[in-house]
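Please examine the structure shown below with attention to its charged side chains. The guiding topic is where oppositely charged groups meet.

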Amino acid sequence: MAGAPLRVLACGDVEGKLDALFNRVRAVQKKSGAFEMLLCVGNFFGSTSETEWKEYQTGVKKAPIQTYVLGANNQETVHYFPDVSGCELAENITYLGRKGIFSGMSGLQIAYLSGTESLNEPTPAYSFSSKDVMELQTSLLSTPKFKGVDILLTSPWPRDVGNFGNSSGEIDTKRCGSVLVSNLATSLKPRYHFAALEKTYYERLPYRNHVILQETAQHVSRFIALANVGNADKKKYLYAFSILPMNSMDSAELVKQPQDVTENPYQKSRKEAQKAKLLLGAEEEPACQFFFDLSKQQGKKRPSDGKEGRHFQSKQARKPPQPTGPCWFCLASPEVEKHLVVSIGTHCYLALAKGGLSNDHVLILPIGHYQSVVELSSEVVEEVEKYKSALKKFFQSKGKRYVLFERNYRSQHLQLQIAQPGTPYFYVELDTGEKLFHRIKKNFPLQFGREVLASEAILNIPDRADWRQCKSTKEEEAALSKAFREDFEPFDFSLLQ
């Protein structure tokens, strides 16, 4: 049974003007009634905050409402935040922490990311990195039946938030903001996303989190940028709203689409419609030991097998076909085991194999549902090649070699293709550059690739020839995924966009 909506206030850059902010909050509450909490994004402290802050820190003054703030965005204010994991700064004023999820008794889920984007290593104390974003994404995306979060708090705007939307005024959203925040918003699908730092107010039209006619309807997201407290132009810096936690809402009510809803601003060509973006270059060829293994039998069994893309006949893609049954590999599918995912690109993703031959047995998979490479657009094929090249460099750095294999036989989801559409085949690519192709006539063993590699002549692990005999708990699999993700990060082109 749904309770009453929560009444929440959100604020932009306070910049140390605590009296001005809290006097305004008192006036709002006197006129409109009590609010549950105040959420502050942007710069909470300023360069001249010391005297005013001491009064709150020592208890001489007290915030009139439970206030949650993000961390520093510059070196000058880092000292105000003594604990990166979050702490109480003063009575009723709490620092949320560097990144994480805050869940109240009501069930309201608030995701937060402190600081500004940094490409430097080590990451400064006032910044976040691609690793921070991926860890936050992973912690949520691995949650069963994850739909999104109620609120996302960041200080920077997300890059490209103005695409398909109403004018953002003097702010050029193609240049302003953080790509990593865009990726985070795409993944977490917040119902409300608040940001600041640009000293202006911008309430974007709500946008969709699904592709019409291709995906099940999902809730919309609203992005609101807030100005700085006490600004001379009287731009809006305090925003009041009511929200019912997502987990207590009726599904039909949650996914209602307002009349002014727009396309998702972060998806430039959402053919497959999926999460976490990022991008950059790579090369070709091989020289390491990784196994691209993917396949799905018609019916209910889920054998493993390889998939990998070579673009011998890349054609313009048609609309992706829909799976004839549950697909273990479509990223949007409830069947996919998201804790195995180690990297998400624009069109493809990388995951550890279920019951892999080794701890670095990986799959390259398209985000959308495709059976073969001839169904793909050139962009998807290109990203498959980028993943191959990145993995090649990764394994070369460890002195390893690879075997790439793929079977286009009794499978639903994309696999490597160098034959005419519809032709069953088995394909192997060696790190010497040799490519072996066998056209399948009939009665081809579904586990052939694994059986050969697991044999005594090659890896000498015959007990792992059948993935179903390779038992691991979900916790063990998640630990392997985390270790591989961290190891692969320096080579992961998808984190550099």
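The following paragraphs lead through several salt bridges and the surroundings of their residues.

This is a predicted model, and it holds 18 salt bridges. One of them joins lysine 199 to glutamate 15, with 2.4 Å between the closest N and O atoms. These two residues belong to distant parts of the chain, 184 residues apart. Lysine 199 lies in the loop between strand E11 (192–195) and strand E12 (202–203), while glutamate 15 lies in the loop between strand E1 (6–11) and helix H1 (18–32). Lysine 199 has a relative accessible area of 42% and is partly exposed; glutamate 15, at 22%, is also partly exposed.

Another salt bridge connects the side chains of glutamate 91 and lysine 62, at 3.3 Å from N to O. Here, too, distant parts of the chain are linked, 29 residues apart. Glutamate 91 is found in the loop between strands E4 (87–90) and E5 (93–95), and lysine 62 in the loop between helix H2 (50–57) and strand E3 (67–69). Glutamate 91 is partly exposed at 46%, as is lysine 62 at 42%.

Glutamate 263 and arginine 208 form a further salt bridge, at 2.7 Å from N to O. Glutamate 263 sits in the loop between helix H5 (251–254) and strand E15 (341–344), and arginine 208 in the loop between E12 and strand E13 (222–225), 55 residues apart. Is arginine 208 buried or exposed? Arginine 208 counts as buried because its relative accessible area is 14%, which is under 20%. Glutamate 263, in contrast, is partly exposed at 37%.

Finally, salt bridges can join into a network, as they do among Arg98, Lys99, Asp132 and Glu135.

How values were computed: Residues numbered from 1 in each chain as written. Predicted model: local features only at pLDDT ≥ 70, side-chain atom pairs only at ≥ 80, totals over all residues. Heavy atoms only, no water. Salt bridge = Lys/Arg side-chain N within 4 Å of Asp/Glu carboxyl O. Helix = DSSP H or I, 4+ residues; strand = E, 2+ residues; numbered from the N terminus. Buried < 20%, exposed > 50% of the residue type's maximum accessible area, 1.4 Å probe, protein only.
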